[in-house]
Amino acid sequence: MNLEYPITYISGISVQRATLLYSELGIKTCNDLLNFFPFRYIDKTKFHAIKELQPNSSEVQVVGKIINVKSVAQKRGSRLVATFQDATGSMELVWFKGQKWIKDSLKTDVPYVVYGKLNHYNGSFSIPHPEMELVSEYKKKLQTKMQPIYHSTEKLTNSGVSNKMIRSYIQKLLQQFYDGIQESLSTEIINDFKLMKKRDALLNVHFPKSQENLAKAQNRLKFEELFFIQLQLVRKKLINKAKIKGFVFENVGAIFNQFYSEKLPFNLTNAQKRVLKEIRKDVASGAHMNRLLQGDVGSGKTIVALLTTLLAIDNGYQATIMAPTEILANQHFIAVSELVEGMNIKVDILTGSVRTKKRREIHEGLEDGKLHILIGTHALLEDKVKFKNLGIAIIDEQHRFGVKQRAKLWAKNSLPPHILVMTATPIPRTLAMSVYGDLDISVIDELPPGRKEIKTVHRFDSNRLSVFKFMKDEIAKGKQVYIVYPLIQESEAMDYKDLMDGYESVAREFPSPKYQISIVHGKMKPADKDYEMQRFVKGETQIMVATTVIEVGVNVPNASVMIIESSERFGLSQLHQLRGRVGRGADQSYCILLSSYKLSEEGKTRLKTMVDTTDGFKIAEVDLKLRGPGNLMGTQQSGVLNLKIADVAKDSKILVAARNTAIDLLQEDPNLEKQHNLPIKNTFAKISKTSKIWSNIS
């Protein structure tokens, strides 16, 4: 028998039912069913005596006999009531539906195992619609102790596919296939980590005899799942390094040295120096660089990016920096132009709004090599944009670009340019290992000296007047203030109303001409948005009222207060990004989180985390636990983590062990040719056929 057979091979599964299981749960083959794991278990190891039952509506299991059955009339229709007793007392079993066939099937004076949710009324206990089984049948079964509960859908339940039925299918499957289940890990790995054998793990994850067996089975299956993902990622990384040649930037030349000694506006932090060394080593090695640079808002990624482009220019190559929005691209352009002023370096910008005449100029400069650094948005990816020799591409806020877009950058030269991907959204280490496991990762984990930590407080809406007073005090010191409102697509009209109401109440409290207010929201034309932004940047307005359009990349060093309205409606990483818009200068900055009194537990956790820490990585860890990996990565990235049993947030120890094991294994046996690694090789070949961790770039 082969586990790749369709599930119709299991007795009792008709073609109709198989079609339903496939459309509802994606279960097509016997293997799919075997890897459809329970999400919780009911512990049926304990039996209760009726006398000892507590009125706490828990699920209980009792053994006894039915002594009589009667039908009781009620306002609408009737109910069926059976008196059930054991040696210590009696209780009732009650049915409201299916009374006729239940009545016919009940046997009196025969021992039953009864299980269900306890009701307590007027001093007596009852179980409505209990699960029942004759003790004689109960003893014959696989699942005697802990009962697995599987995810289901309304459609399945309505078609009669109950949890009990799924259990019986899996039981039959295990009885038919148990001896044929192949081991997928080497004996060495199994012994090193004291793992359960594969077939025992599959048996015990579905029908555990004890809590201890269940824990061992889950541990084994989680390790295996994470190990094969890591094996794919690590192997891909090694192949890329071996196969894909990269341009060699062998000289640290005159341009880099001149900038470093004469133009650098401040001393680099140790973290920045370390990251530069890592990049320098990559681009000098002859292999292709594929590196992810993570650093919190304000940690100085831009200067590292610029120094990297200078390395390319020193070696006769061009560089490009790609950003997700025009605002951000413009900001990079202004920052880079100011930094290299007076040096013989030509920098230009290409976005959707650049006119045709200017575009021609840019195309010419690119093709004859006179243009050294081109900064831009998606416009850089157009086929018309041709470089003479692009040596490095730097992508900012990478989670906003899909894989296809990055592939286009590769095609801009004969050899693919080195890739440096930057993000200010800290990615927890475990998630980075799983999703970007084929990239090298650098982290800037210290802020430049002189930056003060932003003070964060949480206030309820009723404190609004004291918040307004605080704003007035800060504005009197010459500071500027952001007030941000949430934006949720579904309730756009409502959000717009909130924003306008908010704007009006701020305008009443801060009347002109003494105060000037900018407003920015999604319904405005891009030109109007830019105009309002620029007024704030130039200091012509003291208050900026906005929806989250300011989340990425507005840099106003003079803005020292960030007020977030309805902060409970924002995700953690969004709150952290917004807070990063202040604290750009040397003065003390503040972030005030306003919320209503109605907070969910998760909302409380988010706001408390923000008040307690400004460390982006700690915040990302909490976010991962609250939201799970899929939501954190956005749709383009989360496909890789279609995990069946492991959880990246909770199983970080297993993940690290699995990754290290994969690295050691591939160093010792890169092509999995050794005899003892044969089970791994066979499983790996099967997995690689069905799940492709995306194409060359990520």
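Within helix α21 (residues 601-612), E601 and K604 sit 3 residues apart, which is about one turn of the helix. In this predicted model, their side chains meet in a salt bridge, with N and O 3.4 Å apart. An α-helix has 3.6 residues a turn, so residues three or four places apart point the same way. The two partners differ in their surroundings, for E601 is exposed, with a relative accessible area of 58%, whereas K604 is partly exposed, at 42%. Elsewhere, salt bridges that share partners join E183, K198, R220 and E224 into one network.

**The chain as a whole**

The protein chain holds 25 helices and 22 strands, and its C-alpha trace spans about 100 × 70 × 40 Å along the principal axes. Of its 698 residues, 50% are buried. Among the contacts in the protein chain with a separation of 6 or more, 74% are accounted for by residues 24 or more positions apart.

**Salt bridges**

Side chains of opposite charge can pair when their charged atoms come close. The count for this model comes to 27 salt bridges, and three of them are set out below, including the pair in α21 already described.

| Salt bridge | N to O distance | Accessibility of the acid | Accessibility of the base |
|---|---|---|---|
| R274 and D445 | 3.8 Å | D445, 53% | R274, 35% |
| D587 and K479 | 2.6 Å | D587, 41% | K479, 13% |
| E601 and K604 | 3.4 Å | E601, 58% | K604, 42% |

The pair formed by R274 and D445, whose closest N and O atoms are 3.8 Å apart, links distant parts of the chain, since R274 belongs to helix α11 (residues 270-284) while D445 lies in the loop between β16 and β17 (455-460), 171 residues away. R274 counts as partly exposed at 35% relative accessible area, and D445 counts as exposed, because its 53% lies over the 50% cut-off.

The salt bridge between D587 and K479, at 2.6 Å from N to O, involves two loops: D587 lies between α20 (572-579) and β22 (590-595), and K479 lies between α17 (464-476) and β18, so the pair ties together parts that are 108 residues apart in sequence. D587 is partly exposed, with a relative accessibility of 41%. K479, by contrast, counts as buried because its relative accessible area of 13% falls under the 20% limit. The side chains of K479 and D587 are also joined by a polar contact of 2.6 Å. When neighbours within four places in sequence are left aside, K479 is in contact with E474, N558, S560 and D587.

**Helix α19 and what covers it**

Helix α19 (residues 526-537) has 12 residues, which at 1.5 Å a residue should span 16 Å, and the C-alpha atoms at its ends are indeed 16 Å apart, so the expected and modelled spans agree. The residues E532, M533, R535 and F536 of α19 are buried. Viewed down the axis of α19, its buried residues fall within an arc of 160°, so they line one face of the helix. On the face turned away from that buried side, α19 carries the exposed residues P526, A527 and Y531.

The cover over the buried residues of α19 includes helix α13 (326-339) together with the strands β18 (480-484), β19 (517-520), β20 (543-546) and β21 (559-564). After α19 comes G539, a residue with a positive phi, near 85°.

**Strand β10 and its partners**

Strand β10 (residues 290-295) is mostly covered, with 6 of its 6 residues buried. The burial extends to both faces, as N290, L292 and Q294 on one side and R291, L293 and G295 on the other are all buried.

Two strands pair with β10, as the following bridges show. β10 runs parallel to β15 (residues 418-423), to which 5 bridges join it, and in this pairing L292 stands opposite V421. Another 5 bridges join β10 to β16 (residues 440-444), again in a parallel arrangement, and here L292 stands opposite I441. L292, a buried residue of β10, thus has V421 opposite it in β15 and I441 opposite it in β16.

Definitions and conventions. Residues numbered from 1 in each chain as written. Predicted model: local features only at pLDDT ≥ 70, side-chain atom pairs only at ≥ 80, totals over all residues. Heavy atoms only, no water. Buried < 20%, exposed > 50% of the residue type's maximum accessible area, 1.4 Å probe, protein only. Helix = DSSP H or I, 4+ residues; strand = E, 2+ residues; numbered from the N terminus. Pairing = 2+ DSSP bridges. Expected span 1.5 Å × (residues − 1). Arc of directions from axis to C-beta. Contact = heavy atoms within 4.5 Å. Salt bridge = Lys/Arg side-chain N within 4 Å of Asp/Glu carboxyl O. Polar contact = N/O pair within 3.5 Å; in protein donor to acceptor, adjacent residues only side chain to side chain.
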